[in-house]
Amino acid sequence: MSSSPKEFAGRPEPQDEQGSDVLADVLDTMRLSTVMYGRFELCAPWGIQFCERPCAHIVLLARGSARLEVEGLEGAVTLSAGDLALLPHGGAHTLRDAEGSPLHILGQGECKRTRGVGPIRLGGDGERTTLVAGSFRLGASPRTLLFERLPRLVHVAADDPAIAPSLASTAQLLITESASSSPGATVVMSRLADILLVQALRAHIATRQCQEHGLCALADPQIGKALSLIHERPAAPWTVESLASAVALSRSGFAARFTALVGKPPLEYLARWRMTKAAQLLRESQTPLSELATVIGYQSEASFNRAFKRWGGSTPGAYRREYRRGGARSVPAAEALAATAPSGS
C-alpha cells in the first residue's frame, strides 16, 4: 500500500460500535468527577462569564437561545434549545442573550452555593432562556493523546440528523431533573451529565465535526481495531508489522494511516498509553513495581523505571509516594517518549 499520510487526512466513515471500549478506557484513566452547577433561568438582557478553571465544561440549552464565546476561539456560536456544548479543555467562556449584554462573573464559590438550592436567576425582564451547566474535573492522570487533540469546543446541535435519539433523551432527562426538588436530584444530574459526555464524544466522532486526528480514528475500521488491540493488550509485544497484520494492512500503509488519523506513530502511541496505564495503576493499586512493569509490557523493572522517568520526570516509586501524600500532579507526556524502548518495539 503506497498511499501517503496526506491521502488519509479525510474523515473516515463512522462504523457502528467501533472503538467504544477505547473511549471508555480513555475516560477511565482520566478519573473524571462531575460537578453540576445546576439550572440557570435567565431573562434578557443577560450574560454570564465562567472564569478559567482546569475542568471540562458542559452547557445544555433547555429553552431559548444563547451566544457562546470561548476564549481562544474567534467569533461566537449560537446555541438553540436542545443544543449541547462541550468544552473538553476548559477555558474561560461567556454566555449571553446577545452581543454586548452585561456580564455577571460567576465565581467558583458562587457555583458551589447554588447547587441544590434552586435555579440561578439573572437578567432583566425580556425573553427567557433556560440552561443547565456543569463541569468535569480531571483527576491526577494526564490527558491521553486521543482526548488532548479534541477541539476547544464540541457543539452538538439538536437538529443534526446524525445525532442519536438517545442523546436527545438523556438531555431531556437532565433538563427535567434540573427542575426537580426531589432528594438525590444533584446525584442524578451528575450521572446524566456523565452519559451526555460520552454521547457528545460519540456524536463528535460520528458527525462532520471530526476533521482532525484524534478520536476520529475510532471511526476508521482498521485503525479503530488497532487501537482496540493496543488498549485490550497493552503488554503484548506489538510491532508495526504485527499490528498491521492484525488489521489486514501493509506495514507502510498501516503506519501512514495510523499516524495521519491518530496524530502519532503506532509505537509512540503504544508507549504513551503504557505510561498512562502505569500511572493509573500506581495510583489505584498496590501492585509491586516489578509486577507492574510486566503488566504494562516491560521486560524489567529497570527499563520501566527509565521509561516512566523519561515520560513524567520522576520514577514510578516517587510518583506513587507523591500521590499517596496527596500532592500528585498531572504528568506531562514528554515528546521524548518516542525514544523509549518498550518490549516489542
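Two strands count as paired here if DSSP finds at least two bridges between them, and with that in hand I would like to begin with strand S3, residues 55-63, in what is, I should say at once, a predicted model. S3 pairs with strand S6, residues 84-87, in the antiparallel sense, and this pairing runs over 4 bridges. S3 also pairs with strand S10, residues 128-137, again in the antiparallel sense, over 8 bridges. If you look for Val59 on your screens, you will find that its bridge partner in S6 is Ala85, while its bridge partner in S10 is Ala133. S3 is mostly covered, with 7 of its 9 residues buried.

Let me turn now to an open sheet, which is formed by 5 strands in the order S5-S4-S7-S2-S8, with mixed pairing. Its edge strands are S5, residues 77-80, and S8, residues 104-106, each of which pairs on one side only. From one strand to the next, the twist averages 25°. Within this sheet, strand S2, residues 47-50, pairs with S8 in the parallel sense over 3 bridges, and Gln49 stands opposite Ile105 in S8.

From the strands I move to helix H8, residues 251-262, where a simple check on geometry is possible. At 1.5 Å a residue, its 12 residues should span 16 Å, and because the C-alpha atoms at its ends are 16 Å apart, the model agrees with that expectation. How many of the residues of H8 are buried? The count is 9 of 12, so that I would call the helix mostly covered. Among the buried residues are Phe254, Arg257, Phe258 and Leu261. As for what they pack against, the buried residues of H8 meet helix H3 (145-148), helix H6 (221-232), helix H7 (240-246) and helix H9 (266-284). Just after H8 comes Gly263, which takes a positive phi of about 105°.

Finally, a word on confidence. The protein chain averages a pLDDT of 84, and 82% of the residues score at least 70. Among the elements of the chain, H7 has the highest mean pLDDT, at 98, whereas helix H2, residues 108-114, has the lowest, at 54. Over residues 1-20 the pLDDT is below 50, although this stretch has 39 contacts in the model beyond near neighbours in sequence. Residues 330-345 also stay under 50, and for them the model has 45 contacts beyond four places in sequence. Where pLDDT is low, the predicted coordinates should not be read in detail.

Note on methods
Residues numbered from 1 in each chain as written. Predicted model: local features only at pLDDT ≥ 70, side-chain atom pairs only at ≥ 80, totals over all residues. Heavy atoms only, no water. Helix = DSSP H or I, 4+ residues; strand = E, 2+ residues; numbered from the N terminus. Expected span 1.5 Å × (residues − 1). Buried < 20%, exposed > 50% of the residue type's maximum accessible area, 1.4 Å probe, protein only. Contact = heavy atoms within 4.5 Å. pLDDT = per-residue confidence, 0-100. Axes fitted to C-alpha atoms, helices over the stretch in contact; angles between N-to-C directions.
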